[in-house]
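Here are my notes from a first pass through this one. Have the sequence and the coordinates open while you read.

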Amino acid sequence: MGDGWKDKIIFGDCQKMTELEDNSIHLVVTSPPYFNAPFDYPGLFESYDRFLMLIRNMARGLHRVIDEGRIAALVVDDTLINGEKYPVVADVTKVFMEEGFKYREKIIWVKPEGYIRIGRRSGGLLQHPNSICIFCYSDCPPIYISS
Ligand SMILES: C[S@@+](CC[C@H](N)C(=O)[O-])C[C@H]1O[C@@H](n2cnc3c(N)ncnc32)[C@H](O)[C@@H]1O
């Protein structure tokens, strides 16, 4: 970090991101709300389509703010609600590609034992392991993932 570096926390809506300039971001790592996941977000979205609309608005905004060749990594996974399984990973991937990103990689995040044991959240119980999908703006360099 150079002398001029300043951290900045912005409380805003990921569907707009008006605070951020075009092509100004070099890396995005984000965990969007899981669609109506039990414990964490029950009833947050009125429908699955509304959830996908948030993802689309976010993808469109990210495509504007991310710089050429840079990466967005999303922690997402399919969600089971009242016996119905929602194909979140496939749908989020499709939306990101429709909004101009290239689908680059999917990695599986195997959470540590302690986290799974103490986690009452759906993130700990239902979404283990968890997918992390990596998208890039046009061509990006190869991605190396250490084990
Ligand atoms: C799965 S959590 C991830 C939280 C945190 N990043 C982490 O990794 O622990 C999703 C977060 O998105 C926030 N959120 C929901 N709707 C949002 C929106 N429209 N814009 C920005 N954040 C939102 C929720 O409040 C929640 O904190």
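The points below go from the overall layout to single residues.

1. First, the caveat: this is a predicted model. The protein chain holds 4 helices and 6 strands, and if you walk along the sequence you meet them in the pattern β-α-β-β-β-α-β-α-α-β. Buried residues come to 18% of the 147 residues in the protein chain. For contacts with a separation of 6 or more, 71% are between residues 24 or more positions apart.

2. Now the sheet. In what order do the strands of the open sheet run? The order is 1-2-6-5, with 4 strands and mixed pairing. Strand 1 and strand 5 (101–109) sit at the edges, each pairing on one side only. On average, neighbouring strands here are turned by 15° against each other, direction ignored.

3. Strand 6 (130–137) is worth following from both sides. With strand 5 it pairs in the antiparallel sense, over 8 bridges. To check the register there, look for I107 opposite I132 of strand 6, and for I108, whose bridge partner in strand 6 is S131. On the other side, strand 2 and strand 6 also run antiparallel, joined by 6 bridges. A72 is a handy marker for that pairing, with F135 of strand 6 as its bridge partner.

4. Helix 1 (48–65) is the next thing to look at. Which strands does helix 1 lie across? They are strand 1, strand 2, strand 5 and strand 6, and the helix runs at about 150° to strand 2.

5. On to the nonpolar core. The largest one has 21 residues, and those touching the most other members are A59, A72, V92, F101 and F135. Two or more residues come from each of helix 1, strand 2 (66–76), helix 2 (88–98) and strand 6. Two of the names should look familiar from the sheet: A72 and F135 are bridge partners, and both are on the list of residues with the most core contacts.

6. V92 makes a good viewpoint on that core. It lies in helix 2. Is V92 buried or exposed? V92 counts as buried because it has 25 C-beta neighbours inside 10 Å, and the cut-off for buried is 20 or more. Setting aside residues up to four places away in sequence, V92 touches I55, L74, V76 and C133. Take V76 as one of these: it is 16 residues from V92 along the chain, with 8.3 Å between the two C-alpha atoms.

7. N130 is a useful contrast, this time in strand 6. It is only partly exposed rather than buried, because it has 19 other C-beta atoms within 10 Å, where 20 or more would be needed to call it buried. Leaving out neighbours within four places in sequence, N130 is in contact with V75, D77, W109 and K111. D78 is 52 residues from N130 in sequence, yet the C-alpha to C-alpha distance is 8.9 Å.

8. Two asparagines deserve a look at their backbone angles. Most residues other than glycine have a negative phi. N23, however, has a positive phi of about 50°, and N82 likewise has a positive phi, near 50°. Where is N23 found? N23 is in the segment before strand 1 (25–30), while N82 lies in the loop between strand 3 (79–81) and strand 4 (84–86). As for their surroundings, N23 is partly exposed because it has 13 other C-beta atoms within 10 Å. N82 counts as exposed because it has 6 C-beta neighbours inside 10 Å, and the exposed class covers 12 or fewer.

9. Last, the ligand. Which residues are around the ligand? They are D13, C14, Q15, S31, P32, P33 and Y34. By type, this shell divides into 4 nonpolar, 2 polar and 1 charged. When you go through the ligand site, those are the side chains I would display.

Terms used:
Residues are numbered from 1 along each chain as its sequence is written. This is a predicted model: local features need pLDDT of at least 70, side-chain atom pairs count only at pLDDT 80 or more; totals for chains, interfaces and linings use all residues. A residue is near a molecule or strand if its C-beta atom, placed from the backbone, lies within 6 Å of it. Ala, Val, Leu, Ile, Met, Phe, Trp, Tyr, Cys and Pro count as nonpolar, Asp, Glu, Lys and Arg as charged, and the others, Gly among them, as polar. A nonpolar core is a set of buried Ala, Val, Leu, Ile, Met, Phe, Trp, Tyr and Cys residues joined through C-beta atoms within 7 Å. Two strands pair if DSSP finds at least two bridges between them. Axes are lines fitted to C-alpha atoms, for helices over the stretch in contact, and angles run from 0 to 180 degrees between N-to-C directions. Two residues are in contact if their C-beta atoms, placed from the backbone, lie within 7 Å.
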